[in-house]
Amino acid sequence: MTTLAGRTILMSGGSRGIGLAIAVRAARDGANVALVAKTDRPDPRLAGTIHTAADAIREAGGNALPIVGDIRDDATIAAAVERTVAEFGGIDVVVNNASVLNLSPTADLDPKRYDLMQDVNVRGTFMLTRSAIPHLLASPDPKVLTLSPPINLDPRWFAGHPAYTMAKYGMTMAALGFAHELGQKGVSSTCLWPATLVATDAIGNLPGGDQMVAVSRKPDIVADAAYEVLTTDGQELNGQTLIDEDLLRSRGVTDFAAYSMTGRDEGLAPDIFLS
């Protein structure tokens with residue numbers, strides 16, 4: 001498959017950052033994109049809303065269906081699937097993008113924040129994909145793309161922020177489960193993660209976020225890598241946990257300076273899971 005024209009994507013999150021970049025890249029082919037996100041009104045800490053995201057998708061050439069709701073709520077998920085199918089006739093792709101970032105050490109992490117990460121990152125990934133299965137199975141080339149890292153049991157990934165690591169690895173385990181359970185039925189499930197920090201509001205709102213954003217790449221690099229995943233036919237990438245830069249290099253990309261916030265492909269901060 002060389003295009004996403006006419007394909008329907010159901011994405012969690014997507015009001016901004018990496019999710020929006022993926023949606024806009026797909027829209028340039030003429031894809032249909034349904035977004036399930038909470039940001040209905042502007043927030044001073046966050047750029048954009050689900051409505052401005054929908055406008056950007058349409059401006060790029062795609063069709064957008066903004067669905068305001070909480071990915072933690074089963075009724076919201078069921079309604080999102082129903083509305084997407086009613087609007088576009090089916091679902092070809094699920095993108096599990098919604099995620100909560102909290103790097104607090106165990107003693108400092110509020111229990112509600114722990115629950116939030118587990119509910120959005122792990123449960124949201126599992127339940128959104130689960131609800132879309134009947135429609136994915138009816139697609140000629142169904143894909144599930146989950147934005148989560150390769151599982152690495154090196155103690156350093158647990159020493160600083162075990163709760164966040166558990167939540168992100170939970171997303172990856174769900175995606176690998178889909179790959180093995182649904183792969184034999186034609187559904188290709190793949191994980192994708194950035195090699196470096198990516199300039200998003202989630203990073204910018206952390207302590208020292210301005211400095212981290214300055215040594216980050218733009219969300220476009222993850223969007224271009226996601227596009228490669230979603231336009232790869234069949235099961236070639238099923239069950240793989242991919243790094244954006246590695247995938248793009250394997251597809252012939254050699255110049256990464258345009259993705260850098262500084263315009264130079266040097267001095268970038270590696271992602272917290274890859275440093």
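A residue is called buried when its relative accessible area is under 20%, exposed when that area is over 50%, and partly exposed in between, with a 1.4 Å probe and protein chains only. The model is predicted, so that local features need pLDDT of at least 70 and side-chain atom pairs count only at pLDDT 80 or more, while totals for chains, interfaces and linings use all residues. Residues are numbered from 1 along each chain as its sequence is written, and side-chain values use heavy atoms, with hydrogens and water left out.

**Exercise 1. Decide whether Ile-50 is buried or exposed, and find which residues it touches.**

Step one is to place the residue: Ile-50 is in helix α2, residues 50-60, where helices (H or I, at least four residues) and strands (E, at least two) are DSSP runs, numbered from the N terminus. Step two is to apply the cut-off: Ile-50 has 0% relative accessibility and therefore counts as buried. Step three is to list its contacts (heavy atoms within 4.5 Å): leaving out residues up to four places away in sequence, Ile-50 touches Ser-15, Leu-35, Ala-37, Thr-39, Asp-40, Pro-66, Ile-67 and Val-68.

**Exercise 2. Describe how strand β1 is covered, and which strand it is joined to.**

Begin with the count, which is that five of the five residues of β1 (residues 8-12) are buried. Next, recall that in a regular strand the side chains alternate between the two faces of the sheet. In β1, Thr-8, Leu-10 and Ser-12 are on one side and Ile-9 and Met-11 on the other, and all of them are buried. Finally, look for the partner, remembering that two strands pair if DSSP finds at least two bridges between them: five bridges join β1 to the parallel strand β2, residues 32-37, and Leu-10 stands opposite Ala-34 in β2.

**Exercise 3. Find what the side chain of Asn-102 is joined to by a polar contact.**

First locate Asn-102, which is in the loop between β4 (93-96) and α4 (111-136), and note that its relative accessible area of 17% makes it buried. A polar contact is a pair of N or O atoms within 3.5 Å; within protein, one must be able to donate a hydrogen and the other to accept it, and residues adjacent in sequence count only if both atoms are side-chain atoms. Such a contact, of 2.6 Å, joins the side chains of Asn-102 and Ser-104. Beyond four places in sequence, Asn-102 is in contact with Leu-109, Arg-113, Met-117 and Tyr-164.

**Exercise 4. Explain why helix α9 is described as largely enclosed, and then examine the loops on either side.**

Start with the helix: eight of the 11 residues of α9 (residues 220-230) are buried, so the rest of the structure largely encloses it; among these buried residues are Ile-221, Tyr-227 and Leu-230. Then turn to Ser-216, in the loop between α8 (209-214) and α9, which counts as buried at 0% relative accessibility. A polar atom of the Ser-216 side chain lies 2.5 Å from the backbone oxygen of Met-212. Last comes Gln-240, in the loop between α9 and β7 (241-243), which is partly exposed at 31% relative accessibility. The C-alpha atoms of Gln-240 and Thr-190 are 5.3 Å apart in space, although these residues are 50 apart in sequence.
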